[in-house]
Amino acid sequence: MTVFIRTLISGLNLGSIYALIALGYSMVYGIARMLNFAHGDIIMVGAYSGIVAVMSIGLPPIVGILLGVIVCALLGITIERLAYKPLRQAPSLSILITAIGVSYLLQNLALIIFGPEQKAYPMFSGVKSFQILGAKIDGITILTLAVTACIMIGLNLFINKTKIGKAMRAVSEDKGAAELMGISTDRTITVTFAIGSALAAIASAFYGATYVYILPTTGSMPGIKAFTAAVFGGIGSIPGAMLGGIVLGLIEQFAKQYISTLWSNAIVFGVLIIVLLVKPTGLMGKTIQEKV
Amino acid sequence: MANKVKLVPGKSPNLFTERDAGKMPVLECIHLGIDFGGLHAVQDFDVAIGPTEITGLIGPNGAGKTTIFNLLTKVYEATSGTVLLNGIDLKGMTTPQVCKMGIGRTFQNIRLFNNMSVLDNVKAAMNHTIDYGFATGILRLPKYAREEKLGTEKAMELLSIFDMQDEAGDRAGSLPYGEQRRLEIVRALATEPKLLLLDEPAAGMNPAETTELMENIRKIRDRFEIAIFLIEHDMNLVMNVCEGICVLNFGQIIAKGTPEQIQNNPEVIEAYLGKKKEN
Amino acid sequence: MKKKNYGNLFILFALTVFFAILGGMLYTGNIGRQFTNMLIPIFMYIVLAVSLNLVVGLLGELSLGHAGFMSAGLFTGCLVSIRLYGLVSDPLRFVISMLVGGLVAAVFGLIVGLPTLRLRGDYLAITTLACGEIIKTIITNLKITGGARGLDTGHVYSGAKTLFPYAVVLVYLTVIVMMHIKNSAQGRAIMAIRDNRIAAESIGINVTHYKLAVFVIAAFFAGAAGVLYGHCFANVKAASFDYNVSIEILVIVVLGGMGNIFGSIAAAVILRALPEMLRGFENYRMLIYAIVLIMVMVLSNNKKVQSFRYMVTGKLKKKLRERKAAKQAKKGGEMNG
């Protein structure tokens with residue numbers, strides 16, 4: 001029972017991280033119709049900015065995280081402006097390749113600046129741990145879950161209640177019609193990239209707190225997993241990304257605990273394939289019937 | 001719905017024109033219908049078309065005309081009723097199988113293979129003529145050259161009937177609109193259909209192009225001796241070319257008959273113009 | 001038709017010249033060790049790119065699992081090669097192991113191809129990626145393939161001089177098969193599916209059949225290439241053939257041009273050689289690679305660059321047409337005269 005609870009909590013923890021990253025993938029996809037392959041590497045940038053802020057400059061951890069959020073949001077906007085905006089009308093494969101190029105670029109910049117050796121992520125070392133039903137749970141895990149829940153609620157409110165949020169939904173529904181209604185697609189896309197990247201920066205703090213060590217390639221596997229989560233939930237759908245992330249995290253941790261650490265990735269991807277075969281557009285994706 | 005339908009040649013109750021009165025119909029739809037989540041998109045569609053007849057399918061937007069074409073070509077599977085092609089039940093067949101059985105079609109929004117040449121668009125549809133497997137193609141066996149040559153000749157012949165032989169090497173997507181529509185018809189003909197379905201062939205055409213299209217439609221029927229079933233909003237075209245017309249409204253047939261009969265049918269006038277205000 | 005065949009002849013001619021030069025350099029020893037080590041991998045990347053182009057360029061489906069097929073072929077082929085070592089002559093051993101590797105990869109291609117019948121676009125892309133990762137995990141966890149430590153291919157390891165002829169033959173085979181498919185009824189059917197699936201079905205093309213065939217054929221060549229690739233190293237780990245390799249192959253295909261065989265070959269050579277050429281810059285080479293990649297994509301989709309290119313090619317075409325017309329007019333004149 002203790003093991004089960006612990007696995008459940010760590011699954012939710014990992015799932016929260018995936019969900020936060022997946023949200024960025026899904027929002028960008030919904031609005032710009034592009035797979036932002038470089039999104040995973042934003043996590044890495046967020047983590048390194050945290051390290052620099054706390055270790056080199058000596059700022060308190062919470063300021064470090066905020067700084068990471070700002071850096072990532074600005075980075076997201078810059079990448080969009082420089083690399084993706086010129087390709088709005090280009091075939092989707094060209095955009096995908098550009099995103100891959102941006103991913104290589106970020107990884108190699110980090111490699112040059114921070115070197116190939118791993119760096120320890122310093123924050124939250126002093127947070128207490130709790131006992132839940134006999135299982136020892138890190139305080140940071142509780143914090144992750146709480147913050148993620150708040151963000152999800154906040155994001156839903158933002159999307160549904162605010163003017164910009166409504167604009168985002170309108171653009172993702174029908175770009176042309178949205179423009180005719182006076183919504184600026186460019187501005188909406190910029191906002192989307194900023195929010196998505198900021199979420200990735202928050203995810204990076206939780207990732208750093210859970211896995212401690214950061215490398216220039218740190219972002220790529222969680223990035224792929226989060227992408228999987230976004231597709232799993234139905235890419236373009238915000239609740240889908242949240243659900244997909246959580247479910248994926250749970251599957252991964254339970255597979256690691258009860259089956260095998262070595263096979264956990266294969267199991268995660270296997271479940272993805274099975275789900276897609278049953279529901280070809282993911283758990284919460286809309287079924288698009290091509291009109292003949 | 002019973003799959004076996006007794007067909008007596010020349011006595012199909014659904015045939016409604018004089019032209020092929022004594023013959024067995026090429027297409028026979030019996031109580032054909034489809035529901036989309038409770039909505040009866042098409043209901044009790046009973047129509048028969050003679051083997052060399054030009055039949056029009058008209059009706060207001062959203063009446064279910066294209067849905068009927070999609071039922072005939074198995075883009076959708078019917079929820080009720082039967083489709084018989086030369087007396088063979090098409091139940092359970094796929095789109096490619098139906099094509100091989102002899103139904104060719106064009107689309108309302110042109111669907112060409114835009115990045116392929118005009119000639120290749122036609123040759124891609126010639127499964128009857130160019131018949132060899134992967135291995136023959138890869139190993140370039142003598143059969144490959146023979147079949148390809150024959151295929152090219154036939155495709156060029158088909159293109160030249162519609163005066164498109166000079167565009168054979170052009171990219172299909174680069175053709176002007178009218179020629180794209182024409183190429184789509186040529187491509188459908190290349191499958192050697194017994195029944196050709198044309199979905200709004202005159203849409204977007206100017207009067208001169210429409211006149212040419214009308215000639216082409218007659219030419220196709222006379223030359224290939226096949227039946228044509230067409231959806232069209234251009235009443236001039238429909239009334240001039242079709243021997244029989246079927247009017248659809250809200251998924252149901254409201255009238256069938258010759259152009260004269262349709263023109264004078266009060267129900268049709270009501271469907272198109274609305275009810276007359278009673279004084 | 002005629003024009004295309006000239007294009008094919010040109011590709012084969014260019015390949016032959018390329019092979020002749022490299023072969024000459026290799027066997028006369030006028031080539032550095034570093035370059036020798038690169039040779040077989042470059043050839044294998046040509047095979048991988050050309051075969052992936054069948055899926056991405058001709059069929060129009062995004063596949064991110066090509067490295068998985070390569071890996072499946074590599075490990076079975078190398079295992080066969082290790083078992084056969086000393087039992088049969090070397091050429092026979094290479095051929096058999098390449099065939100077995102290719103066939104096993106083809107079986108995986110069939111399995112991975114099945115979801116493509118139901119999935120489209122990005123959903124398919126992530127599925128192929130997932131399949132590739134699953135293949136990787138399976139191989140990493142099997143005892144017979146050496147587990148996480150990798151398969152010891154030390155005693156079947158062969159130098160570039162030994163592998164060169166086989167690699168050349170494999171490249172030729174792949175290129176010729178792709179060309180022949182492209183210019184056949186099957187190629188037309190495949191491209192028709194890419195351009196418009198619904199219209200393709202309406203003219204009697206069995207989409208299922210062709211999609212599976214494409215995945216099987218592409219996987220076969222990736223697998224065969226994997227076998228030779230495995231013989232270049234003394235130890236191979238499945239972990240080195242993850243989705244990053246698939247992405248690398250995809251980048252080659254896209255930069256070379258969709259459905260463009262010559263483009264795939266050229267891009268494979270340049271992109272594989274480029275990072276090596278930049279060895280002097282060490283840390284900066286991948287950075288430069290990334291920047292070049294982004295620049296090429298942004299510039300090639302730039303309206304001004306495009307219109308400039310159309311202007312140049314348009315002028316060339318116009319000139320050719322005028323020349324042709326003049327020739328015909330001359331001929332006609334002679335006949336009339």
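Reader: How many residues does the contact between chain A and chain C take from each chain?

Author: In this predicted model, the contact takes 37 residues from chain A and 30 residues from chain C. Three helices of chain A give two or more residues each to the side that touches chain C: α4 (92-114), α9 (220-233) and α11 (264-278). The largest share, 13 residues, comes from α4(A).

Reader: What makes up the side of chain A that touches chain C, by class?

Author: Happy to count by class: 28 residues are nonpolar, eight are polar and one is charged.

Reader: Which residues meet where α9(A) packs on α5(C)?

Author: From α9(A) come A:Phe227, A:Thr228 and A:Val231, and from α5(C) come C:Asp122, C:Tyr123, C:Ile126 and C:Ala130. These residues divide into five nonpolar, one polar and one charged. Here Tyr counts as nonpolar, Thr as polar and Asp as charged.

Reader: Why is α9(A) called oblique to α5(C)?

Author: Let us set the value against the cut-offs. The axes of α9(A) and helix α5 (residues 121-141) of chain C are 10 Å apart, at an angle of about 135°. Roughly perpendicular runs from 65 to 115 degrees, and roughly antiparallel needs an angle over 145. The value of about 135° fits neither class, so α9(A) is oblique to α5(C). As for handedness, α9(A) passes α5(C) in a left-handed crossing.

Reader: What makes α10(A) oblique to α11(A)?

Author: A similar line of reasoning works within chain A. Helix α10 (residues 238-258) and α11(A) have axes that come within 9 Å and cross at roughly 140°. An angle has to be over 145 degrees to count as roughly antiparallel, so α10(A) is oblique to α11(A). The crossing of α10(A) past α11(A) is right-handed.

Reader: Which residues make the contact between α10(A) and α11(A)?

Author: On α10(A) they are A:Leu248, A:Ile251, A:Glu252, A:Ala255 and A:Lys256, while α11(A) brings A:Ser264, A:Ile267, A:Val268 and A:Val271. By class, this contact has six nonpolar, one polar and two charged residues.

Reader: Now to chain B. How do you know that its radius of gyration agrees with that of a compact globule?

Author: Chain B has 279 residues, and for that number a compact globule would have a radius of gyration near 19 Å; the value for chain B is 20 Å, so the two agree. Along the principal axes, the C-alpha trace of chain B spans about 75 × 45 × 40 Å. The secondary structure of chain B comes to ten helices and ten strands, and 44% of its residues count as buried. Among contacts in chain B with a separation of 6 or more, 68% come from residues 24 or more positions apart.

Reader: Why is B:Asp44 called partly exposed?

Author: There are 15 other C-beta atoms within 10 Å of B:Asp44. Buried needs 20 or more and exposed needs 12 or fewer, so B:Asp44 falls in between and is partly exposed. B:Asp44 lies in strand β2 (residues 39-49) of chain B, and has a positive phi of about 45° although it is not a glycine.

Reader: How do you know that B:Phe250 is partly exposed?

Author: Its count is 15 other C-beta atoms within 10 Å, between the limits of 12 and 20, so B:Phe250 is partly exposed. The place of B:Phe250 is the loop between β9 (244-249) and β10 (252-257) of chain B. B:Phe250 is not a glycine, yet has a positive phi of about 50°.

Terms used:
Residues numbered from 1 in each chain as written. Chains lettered and ligands numbered in written order. Predicted model: local features only at pLDDT ≥ 70, side-chain atom pairs only at ≥ 80, totals over all residues. Helix = DSSP H or I, 4+ residues; strand = E, 2+ residues; numbered from the N terminus. Rg over C-alpha atoms; globule rule 2.2 N^0.38 Å. Contact = placed C-beta atoms within 7 Å. Axes fitted to C-alpha atoms, helices over the stretch in contact; angles between N-to-C directions. Parallel < 35°, antiparallel > 145°, perpendicular 65-115°, else oblique. Left-handed = near helix turned anticlockwise from the far one by under 90°.
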